[in-house]
Amino acid sequence: MSDNSSREPAGVRLQKVLAAAGVASRRVCEQLIADGRVSVNGAVVTVLGTRIDPSDDQVAVDGKAVQLDATKRYVMLNKPRGIVSSMRDEQGRPDLSRFTSHMDERLFNVGRLDVETSGLLILTNDGEIAHVLAHPSFGVAKTYVAKVRGSVEPRTLTELKSGVTLDDGLIAVDAVRVIDAQGAESSLVELTIHSGRNRIVRRMMAAVGHPVIDLVRRSFGPLHLGTLRAGQMRELTKDELGSILTLARNAHVTGEIASKDYESGAVSAGPRRPSSSVPQKGKR
């Protein structure tokens, strides 16, 4: 019979997990824990010997989620016009595979942009994140800059905020402003909207008499396109990743995420059961 007392305790030391996730050096991670800036499953942990299960426990630093799964990948693409938002287009049109063919991971796009719309598109192999960002029920806001025909007047902005009736119902923007009045010929308008309806910005602007000439998505939830040029892509920064992970975990807490099947396979997005190796939320 083996001596159980000599066995290594279950789990991995929290500071080691944080360092492996790229948060900081192990010594700095130890200080973060001692300062009460690290939480596991919603409970602040200050004991340096705490061990966790990286495959099950959820860790945050300063309230921002940390991704512990090194197999997950998150890429921001500035999709050019003329590219179909699909990894393989059955009609043979240019698609997203030209941006991912060199990658080892099998990525898929989060939501879609129509072929004539450019801008921010997220590519990932994380089904839970994809569900939260793309599913209309979570109301993740997106900001677009549209070049439209004609001079947009204040009463039109009021109409867009109050709501426009389309074939599929009433829809209103969250925010809208004219950022450049280019005479009587055209205007540049910035719109923020959380709807996930198909071609919604184009349809709304056409309904108020200002058809879209060109459309770019500048932001998606907490993510912003910045200076990324059309056709370029980059990995999300740790801060950006932390922001979208935090958003997803908040959805878990409210119990809103249901299981959903993605291109990567069936993904169970239900709430996780916290590990018993660390303090639980509401318990000390």
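In this predicted model, Met-204 makes a broad set of contacts beyond its neighbours within four places in sequence: Leu-160, Val-164, Leu-166, Ile-171, Ala-172, Val-173 and Ile-193. Met-204 also belongs to the largest nonpolar core, which has 32 residues. Together with Leu-160 and Leu-191, Met-204 touches the most other members of that core. Eight elements each supply at least two core residues. The strands among them are strand 7, strand 9, strand 10 (142–149), strand 11 (164–166), strand 14 (186–193) and strand 15 (212–220). The helices are helix 5 (154–162) and helix 6 (200–207). Helix 6 gives the largest share, four residues. A second core stands separate from this one. It holds 23 residues, including Ala-65, Phe-108, Val-110 and Leu-223. Such grouping fits a general pattern. In soluble globular proteins, nonpolar side chains tend to be buried together.

Strand 7 spans residues 74–79, and six of its six residues are buried. In a regular strand the side chains alternate between the two faces of the sheet. In strand 7 both faces are covered. Tyr-74, Met-76 and Asn-78 are buried on one side. Val-75, Leu-77 and Lys-79 are buried on the other. Strand 7 has pairing partners in strand 9 and strand 17. With strand 9 (residues 118–124), strand 7 runs antiparallel over six bridges. Asn-78 has Leu-120 as its bridge partner there. With strand 17 (residues 233–235), the pairing is also antiparallel and uses three bridges. Here Leu-77 stands opposite Met-233.

Strand 9 is likewise covered. Seven of its seven residues are buried, so strand 9 is largely enclosed by the rest of the structure. Besides strand 7, strand 9 pairs with strand 8 through three bridges in the antiparallel sense. Strand 9 also joins strand 15 through two bridges, and these two strands run parallel. In that pairing, Gly-119 stands opposite Arg-217 of strand 15.

Asn-109 is a polar residue of strand 8 (residues 108–110). Its bridge position is opposite Leu-123 in strand 9. Asn-109 counts as buried because its relative accessibility is 8%, below the 20% cut-off. Where does the side chain of Asn-109 reach at 2.8 Å? The partner is the backbone oxygen of Gly-111. The side chain of Asn-109 also reaches the backbone oxygen of Ser-85, at 3.3 Å.

Charged pairs form a further set of links. Side chains of opposite charge can pair when their charged atoms come close. The structure holds 13 salt bridges. One of them joins Glu-235 to Arg-73, with the closest N and O atoms 2.6 Å apart. Glu-235 lies in strand 17, and Arg-73 lies in the loop between strand 6 (64–66) and strand 7, so the pair ties together parts that are 162 residues apart in sequence. Glu-235 is partly exposed, at 39% relative accessibility. Arg-73 and Glu-235 also belong to a salt-bridge network that includes Glu-105.

A second salt bridge connects Arg-203 and Asp-168, with closest N and O atoms 2.9 Å apart. This pair also links distant parts of the chain, 35 residues apart. Arg-203 sits in helix 6, whereas Asp-168 sits in the loop between strand 11 and strand 12 (169–171). Both ends are partly exposed: Arg-203 has a relative accessible area of 25%, and Asp-168 is at 40%. Glu-240 and Arg-234 meet in another salt bridge, at 2.7 Å from N to O. Here Glu-240 is buried, with a relative accessible area of 14%. Arg-234 is partly exposed at 26%.

Helix 2 (residues 26–34) has a buried side. Its buried residues are Cys-29, Leu-32 and Ile-33. They cover an arc of only 100° around the axis, which puts them on the same side of helix 2. The sequence spacing follows a general rule. An α-helix has 3.6 residues a turn, so residues three or four places apart point the same way. The buried residues of helix 2 pack against helix 1 (14–20), strand 2 (38–40) and strand 5 (59–61). Gly-36 follows helix 2 and has a positive phi, near 75°.

Notes: Residues numbered from 1 in each chain as written. Predicted model: local features only at pLDDT ≥ 70, side-chain atom pairs only at ≥ 80, totals over all residues. Heavy atoms only, no water. Buried < 20%, exposed > 50% of the residue type's maximum accessible area, 1.4 Å probe, protein only. Pairing = 2+ DSSP bridges. Core = buried A, V, L, I, M, F, W, Y, C linked by side-chain atoms within 4.5 Å. Contact = heavy atoms within 4.5 Å. Polar contact = N/O pair within 3.5 Å; in protein donor to acceptor, adjacent residues only side chain to side chain. Salt bridge = Lys/Arg side-chain N within 4 Å of Asp/Glu carboxyl O. Arc of directions from axis to C-beta.
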